[in-house]
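The following exercises concern pockets, salt bridges, burial and confidence. Each task is followed by a solution that proceeds step by step.

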Amino acid sequence: MDWFENFWSVYSNLVLTLGTNSLLALSIYLTLSCGMLTMANAAFMGIGAYVSALVTMNLGLPYPAALAAGMAAPALMAFVMGKPTLRLSGVYLAMATLAFGEVVRIVILNAEGYTGGALGLNGIPQSTQWWHVAVALLAVVALLWRLRHSRVGRAFEAIKEDETAAGLMGIDVGAHKMLAFVLGAAIAGLAGTLNAHLTFFIGPNEYGFDRGVDILTMAVLGGINSLFGPVLGGVILAVLPEMLRGFKDFRLVVNGVILVLIVLFLPKGIWDPARFRGWFGRKGGAAV
């Protein structure tokens with residue numbers, strides 16, 4: 001088992017990052033599955049990270065309390081801001097949630113007494129273990145799978161296809177949008193909590209516009225037509241830069257080219273069940 005110990009000592013943080021990336025991709029999958037393009041997930045991740053870190057560092061509460069606080073705080077914030085914001089749609093909703101993310105970043109920068117300002121927070125207890133990430137990811141996937149195949153999931157799909165028609169069929173569009181937004185914020189907060197107690201340090205620049213674009217890219221890259229797609233996208237976006245280390249200074253360029261090619265030739269994402277069914281269907285027809 002020496003090889004495994006050596007591997008884990010070098011790549012443990014990367015492996016655990018795969019799990020947190022997958023959680024983040026699933027958090028935005030929820031809003032996308034309800035037809036909403038939101039860009040606040042990075043901010044919700046930051047809220048969860050900072051609140052959970054302050055709970056353990058300043059209040060001395062145990063790790064489970066930090067996990068609960070890290071999920072509850074962004075969920076509550078999403079509920080408060082969702083009331084006026086979710087009346088918007090399309091690019092206007094994206095702009096409003098993007099502005100919210102910038103407000104959160106500026107608040108973190110200016111609340112130096114609590115957040116450390118631009119210097120961030122150091123000395124966060126490294127409480128996150130591999131099984132915490134694994135259990136969290138499995139629990140979230142199970143919850144979203146159950147949700148997807150429930151009446152609520154069907155309502156999400158109806159709203160995504162045609163919001164007006166869904167309302168005429170008796171679906172409470174506003175309540176379902178709020179549910180997707182709040183639940184997505186809680187999942188992003190969970191990812192932030194796990195990450196904060198894994199990396200020992202957090203800073204405001206980790207939860208800005210770039211992270212928000214990364215989260216959206218994960219979901220779109222993997223595909224939002226199934227739960228496996230966002231998870232696959234999160235894994236690819238974490239592993240690809242490591243696999244391209246041999247390109248040295250050109251690593252980010254090659255990484256960007258690969259992502260662009262995938263989006264151009266696979267517009268519905270890498271994991272597209274409809275495309276797979278078409279492939280197997282054609283093969284079956286040829287055999288008959």
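**Exercise 1. Determine which helix gives the most to the lining of the second largest pocket, and describe that pocket.**

Solution. Step 1: α7 gives the most to this lining, with five residues. Helices here are DSSP runs (H or I, at least four residues), numbered from the N terminus. A pocket is defined on a 1 Å grid over the protein atoms alone, as an open set of points where a 1.4 Å probe fits, with protein on both sides within 12 Å along at least five of seven lines; lining residues have an atom within 4 Å of a point.

Step 2: the model is a predicted one, in which local features need pLDDT of at least 70 and side-chain atom pairs count only at pLDDT 80 or more, whereas totals for chains, interfaces and linings use all residues. Residues are numbered from 1 along each chain as its sequence is written, and side-chain values use heavy atoms, with hydrogens and water left out.

Step 3: α1, α6 (130–148) and α7 (151–161) each supply at least two residues of the lining. In total, 13 residues line the second largest pocket, and Y29, S33, R148, G153 and E157 lie nearest its centre.

Step 4: the lining divides into six nonpolar, three polar and four charged residues. In this scheme Ala, Val, Leu, Ile, Met, Phe, Trp, Tyr, Cys and Pro count as nonpolar, Asp, Glu, Lys and Arg as charged, and the others, Gly among them, as polar. The second largest pocket holds about 220 Å³ of space, a volume being the space filled by probe spheres set on the grid points, which are joined across faces, edges and corners.

**Exercise 2. Describe the largest pocket: what is its space, and which residues and helices line it?**

Solution. Step 1: the space in the largest pocket is about 490 Å³. Its lining comprises 20 residues, with T17, N21, R211, L237 and A238 the closest to the centre.

Step 2: at least two lining residues come from each of α1 (2–33), α9 (173–199), α10 (209–222), α11 (228–243) and α12 (251–265). The most come from α1, which gives six.

Step 3: by class, the lining of the largest pocket has nine nonpolar, seven polar and four charged residues.

**Exercise 3. State how many salt bridges the structure holds, and place each of them.**

Solution. Step 1: there are two salt bridges, a salt bridge being a side-chain nitrogen of Lys or Arg within 4 Å of a carboxyl oxygen of Asp or Glu.

Step 2: one joins the side chains of E102 and R105, at 2.6 Å from N to O. Both residues belong to helix α4 (residues 90–110) and are three residues apart, about one turn of the helix. E102 has a relative accessible area of 34% and R105 one of 22%, so each counts as partly exposed (buried is under 20%, exposed over 50%, partly exposed in between; 1.4 Å probe, protein chains only).

Step 3: the other salt bridge is formed by E163 and K177, whose closest N and O atoms are 2.8 Å apart. This pair links distant parts of the chain, with E163 in helix α8 (residues 163–168) and K177 in helix α9, 14 residues apart.

**Exercise 4. Compare the partners E163 and K177: is each buried or partly exposed?**

Solution. Step 1: E163 is partly exposed because its relative accessible area is 37%.

Step 2: K177 counts as buried, with 5% relative accessibility. Apart from neighbours within four places in sequence, K177 is in contact (heavy atoms within 4.5 Å) with C34, M36, L86, L88, I159 and E163.

**Exercise 5. Describe the surroundings of T193 in helix α9.**

Solution. Step 1: T193 is buried, its relative accessible area being 0%.

Step 2: neighbours within four places aside, T193 contacts G48, A49, S52, A66, L67, G70 and T128.

**Exercise 6. Identify where confidence in the model is lowest and where it is highest.**

Solution. Step 1: the mean pLDDT (the predictor's confidence in each residue, from 0 to 100) of the protein is 87, and 93% of its residues reach 70 or more.

Step 2: confidence is lowest in helix α13 (residues 273–287), at a mean of 62, and highest in helix α2 (residues 41–57), at 95. Residues 284–288 have pLDDT below 50, and this stretch has zero contacts in the model beyond near neighbours in sequence.
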